[in-house]
Amino acid sequence: MLSKLPNVGTTIFTRMSQLAAETGALNLSQGFPDFDGPQGLRDAVARHIAAGHNQYAPMTGLPALREQVAAKIARCYGRALDAETEVTITPGATQAIFCAIHALIQPGDEVIVFDPCYDSYEPATQLAGGRCIHVPLAPPGFAIDWQQLADAVSDKTRLIVINSPHNPSGALISRAELDQLAQLIRDRDIYLLSDEVYEHLVFDGVAHASVLAHEELYQRAFVVSSFGKTYHVTGWKTGYVVAPPALSAELRKVHQYVSFCGVTPLQWGLADYMAEQPGHVEELPAFYQAKRDLFCNLLDGSRFTFTRTAGTYFQLVDYSAIRDDLDDVAMAEWLTREHGVASIPVSVFYQRPPEGLRLVRLCFAKREDTLRLAAEKLCAI
């Protein structure tokens, strides 16, 4: 059989989680908390299951949840949305990304992505008949090289995908950079996909610069976020995409044939909890910064080197002083098998990894005892 994705196999996230389970290692690889979501949120879902809210939701998402998303965006970013025409609830942010790409991309179109990048962008583009153009972000800061981006833009460019806070590096895109991006694409038929699933995990008093707060860019953008990341319930696979009415209409044409709708009682529970606890998102930066700082303070006694991440719940560490004879995939496996801590090698996020890359990604969305034990194991190396 001729494969439509000949270069795609089992993801590194699945492989490392499986290896962690097989070896009994602490799983700091795949990005999910080892603690549960808020009790009030879980109680709300149970209440709606018991109340019989278990049949199909509307294709675009429950009106109550779309209204809560719109209310949150008004509070956080000052944008007044029409929840009926601009907010779509999806079964996960990855599905939202897939539908946005398929809503836009025609055979022969080009999509610019920034390496290292999340692994779903390119397969979705290939399945739509498009081609990804990879523009590298330079470590250690992982900032956009604006000349390289300008050089990558062509008459075939249809879409640019940005991700801030950035997975895996935690780097942030500033408002000034959004202005620069707007200037670059202003007179071109180019759209924007802004992956903002870690929007509320930004540290050190910095405000997240969302495309939702940028009038010019929003008019040509899909903005994707995740309830799973925001409410510590990644297994619920519930997200949303915000876009102007014309773009939302095109996205919904695809979405209705990919999944039709998200899980109904989860949407009811999220709507209730967001209405009852609107301050939850405001507490997240301090909540996760405390975990980052604990973990990094403990790792200060190790042979790893690092700069504290500016966002997300991932910390990159450089292992050059420990093993310079292993590439990062082999290093991640060695750390798991020999030292009981599973990580993700950063090279898998690249089309062409930089020479001598010696970085692995560790997830600190974990209980304090998990972080302390992981740091103890890593400091012993």
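## Rings, cores, helices and a small sheet

Start with Phe203: with a relative accessibility of just 1%, Phe203 counts as buried. Keep in mind that you're looking at a predicted model. Here's a quick tour, starting with aromatic rings and moving on to the nonpolar cores, two helices and a sheet.

**Aromatic rings**

- The structure has twelve aromatic pairs. One of them joins Phe203 and Phe364, whose ring centres are 6.4 Å apart and whose planes meet at 50°, which makes the pair tilted.
- Why does this pair tie together parts that are 161 residues apart in sequence? Phe203 sits in the loop between β6 and α9, while Phe364 sits in the loop between β12 and α15 (368–379), so the pair bridges that gap in sequence.
- Phe364 is buried too, since its relative accessibility is 0%.
- Another pair is Tyr313 with Phe314: this one is edge-to-face, with 5.2 Å from centre to centre and 80° between the planes. Both partners are tucked away: Tyr313 counts as buried at 0% relative accessibility, and Phe314 counts as buried at 1%.
- Ring pairs also build a cluster out of Phe35, Tyr198, Phe287, Tyr288, Tyr313 and Phe314.

**Nonpolar cores**

- Tyr313 turns up again in the largest nonpolar core, which has 58 residues. Leu193, Phe222, Tyr288, Phe295, Tyr313 and Leu378 have the most contacts inside this core.
- Which helix gives this core its largest share? That's α5 (residues 93–104), which supplies eight residues.
- Look at Leu193 for a sense of the packing: beyond its neighbours within four places in sequence, its contacts include Ile97, Ala100, Ile101, Leu159 and Phe222.
- There's also a second, separate core of 55 residues, and its members include Val87, Phe142, Phe227 and Leu316.
- Back on helix α5 you'll find Gln95. Is Gln95 buried or exposed? Its relative accessible area is 10%, under the 20% cut-off, so Gln95 is buried.
- Setting aside residues up to four places away in sequence, Gln95 touches Thr90, His255, Val258 and Ser259.

**Helix α2**

- Helix α2 covers residues 39–50, twelve in total, and spans 16 Å from its first C-alpha to its last, close to the 16 Å expected for it.
- Its buried residues are Leu41, Ala44, Val45 and His48. They lie on the same side of α2, because they take up an arc of only 95° around the axis.
- Helix α12 (264–276) is among the elements that cover those buried residues.
- Just after α2 comes Gly52, with a positive phi of about 90°.

**Helix α8**

- Helix α8 (residues 175–185) has Glu177, Leu178, Leu181, Ala182 and Ile185 as its buried residues. Their arc around the axis is only 145°, so they share the same side of α8.
- What do these buried residues pack against? The partners are α7 (146–152), β5 (157–163), β6 (191–195) and α9 (215–218).
- Turn to the face pointing away from the buried side and you'll see the exposed residues Ala176 and Gln183.

**A three-stranded sheet**

- Three strands make an open sheet in the order β9-β12-β11, with antiparallel pairing. The edges are β9 (314–318) and β11 (344–345); each has a single partner strand, so one side of each has no neighbour in the sheet.
- Strands of a sheet pair through backbone hydrogen bonds.
- How many bridges join β11 to β12 (residues 359–363)? There are two, and these strands run antiparallel.
- Pro345 has Val360 of β12 as its bridge partner.

How values were computed: Residues numbered from 1 in each chain as written. Predicted model: local features only at pLDDT ≥ 70, side-chain atom pairs only at ≥ 80, totals over all residues. Heavy atoms only, no water. Pairing = 2+ DSSP bridges. Helix = DSSP H or I, 4+ residues; strand = E, 2+ residues; numbered from the N terminus. Expected span 1.5 Å × (residues − 1). Buried < 20%, exposed > 50% of the residue type's maximum accessible area, 1.4 Å probe, protein only. Arc of directions from axis to C-beta. Contact = heavy atoms within 4.5 Å. Core = buried A, V, L, I, M, F, W, Y, C linked by side-chain atoms within 4.5 Å. Phe/Tyr/Trp six-rings, centres within 6.5 Å; stacked < 30°, edge-to-face > 60°.
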